[in-house]
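Trainee: I should like to go through this model and ask, for each label, what justifies it. May we begin with the space along its surface?

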Amino acid sequence: MEDEKWMRRALHLAERGIGQVNPNPLVGAVIVRDGRTLGEGWHERYGGPHAERNALRHCAGSPEGATLYVNLEPCCHTGRNPPCTDAILESGIRRVVVGSPDPNPLVAGRGISLLRERGLEVVTGILKEECGAINAPFFHYIRTGTPYVVLKYAMTLDGKIASRTGASRWITGEAARERVHRDRGRYAAVMVGLGTVLADDPLLTCRIEGGRNPLRIICDSSLNTPPDSRIVRTAREVPTLIATCVGEPARLSPYRKAGCETLTLPRGTDGRLSLPDLTAALGKRGIDSILLEGGAALHGAMLDAHLVQRIQCYLAPKLFGGTAAPPPVGGQGVESPAEAFRLLRRTITPLGEDLLIEGEVCGNVYGNC
């Protein structure tokens, strides 16, 4: 119970790095002796000192003989920072409690083994599930090289994301919308299709004080995004990428002049932008996670391509009705109920009068159904 208590503190500290460390993991560290905290730290920003070194730097006294709690296995290689295992060994810490192993091939158990070989007691697996969940985007990205995709939508009890006229503001209340803005600050990018730009003219920014704006991505196969849309007009203030199948310089020029980056990709078998090629290209440029806020067509295409790792459904206690009112997911879909996309590790969170239902799509980094 004592180990769990301090590991929860390490997880709490790790969360302070949300939106600041991508594509690195969220890590918190606590140094404890005789039931008292000696030092705390977390990975504060990409390229900055790791959590273990920050905790040691803030120690109120010598850490010799103390216990270190860290939610992710300490690194044992030199990257932007020297190995954390070196700092631990030099400090005199005698016991290390690790929440989750690091799947990075440069670490992958080597950090734990090194500490044990040097005589330290190492305990693993404390709150392993929670420690894995906080770094699900990192685990997926480091294993696949592609972004962790969270498909998010808000719908009514009868499964509509807009009325029959296309109006969708607002399905959910303020508490749910605030959560969305926090998640925009959490993930590296937010992605929509052309239909969402035409219907809603969104900004796709993080409107939380102190929040970080994600990279805004528009999937626009034929390059029909209005140059006077808000997302294009603000491209010099907020990074914006238009992914398209159009490569003619004359067509791309107005968007580039407005400050947008453009990415030309091949068409898939359906004649539209190849989404697997897009996620592969984004992964190569260090985009570890995407909040997918599109419409039914893009949502369905991403699911059909098995590119979604997590679902977030904001459910509002109201009904729109109407056969013409759009649902949240289109695409080809499955042939039978037995083939349905199922969710693991489900949670339900009340947000005002709305509910957030979320879970991991079967077959993701946590294992198959």
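Mentor: Certainly, with the reminder that the model is predicted. The second largest pocket is lined by 24 residues, and Glu 15, Ala 133, Ile 134, Arg 186 and Arg 310 lie nearest its centre. Its volume is about 690 Å³.

Trainee: Which elements supply at least two residues each of that lining?

Mentor: They are helix 1 (2-14), helix 5 (128-134), helix 6 (136-144), helix 7 (174-186), strand 12 (310-316), strand 13 (343-351) and strand 14 (354-361). By class, the lining of this pocket divides into 9 nonpolar, 3 polar and 12 charged residues.

Trainee: What makes the largest cavity a cavity and not a pocket?

Mentor: In a cavity a 1.4 Å probe fits but cannot get out, whereas a pocket is an open set. The structure holds 1 cavity of 30 Å³ or more, and about 130 Å³ of space lies in the largest cavity. Of its 16 lining residues, Asn 22, Leu 26, Pro 137, Arg 186 and Asp 288 are the closest to its centre. The lining of this cavity has 8 nonpolar, 6 polar and 2 charged residues.

Trainee: Why are strand 10 and strand 13 said to stand at the edges of the sheet?

Mentor: The open sheet has 9 strands in the order 10-9-8-7-11-6-12-14-13, with mixed pairing. Strand 10 (261-264) and strand 13 each have a single partner strand, so one side of each is left without a neighbour in the sheet. From one strand to the next, the twist averages 20°.

Trainee: How do you know that strand 6 and strand 12 pair?

Mentor: Pairing requires at least two bridges, and strand 6 (residues 148-156) and strand 12 share 7 in the parallel sense. They therefore count as paired. Among the partners, Tyr 153 is bridged to Cys 313 in strand 12.

Trainee: Why is Leu 204 called buried or exposed, and what of His 306?

Mentor: Buried means under 20% relative accessible area, and exposed means over 50%. Leu 204 has 3%, so it counts as buried. His 306 has 60%, so it counts as exposed. Leu 204 has a positive phi of about 60° although it is not a glycine, and His 306 likewise has a positive phi of about 60°.

Trainee: Which peptide bond leading to Pro 23 is cis, and which leading to Trp 170?

Mentor: The bond from Asn 22 to Pro 23 is cis, with omega near 5°, and the bond from Arg 169 to Trp 170 is cis, with omega near 0°. Most peptide bonds are trans. Pro 23 sits in the loop between helix 1 and strand 1 (28-33), while Trp 170 lies in the loop between strand 6 and helix 7.

Note on methods:
Residues are numbered from 1 along each chain as its sequence is written. This is a predicted model: local features need pLDDT of at least 70, side-chain atom pairs count only at pLDDT 80 or more; totals for chains, interfaces and linings use all residues. Side-chain values use heavy atoms; hydrogens and water are left out. On a 1 Å grid over the protein atoms alone, a cavity is a set of points where a 1.4 Å probe fits but cannot get out, and a pocket is an open set with protein on both sides within 12 Å along at least five of seven lines; lining residues have an atom within 4 Å of a point. Grid points are joined across faces, edges and corners, and a volume is the space filled by probe spheres set on the points. Helices (H or I, at least four residues) and strands (E, at least two) are DSSP runs, numbered from the N terminus. Ala, Val, Leu, Ile, Met, Phe, Trp, Tyr, Cys and Pro count as nonpolar, Asp, Glu, Lys and Arg as charged, and the others, Gly among them, as polar. Axes are lines fitted to C-alpha atoms, for helices over the stretch in contact, and angles run from 0 to 180 degrees between N-to-C directions. Buried means under 20% relative accessible area, exposed over 50%, partly exposed in between (1.4 Å probe, protein chains only).
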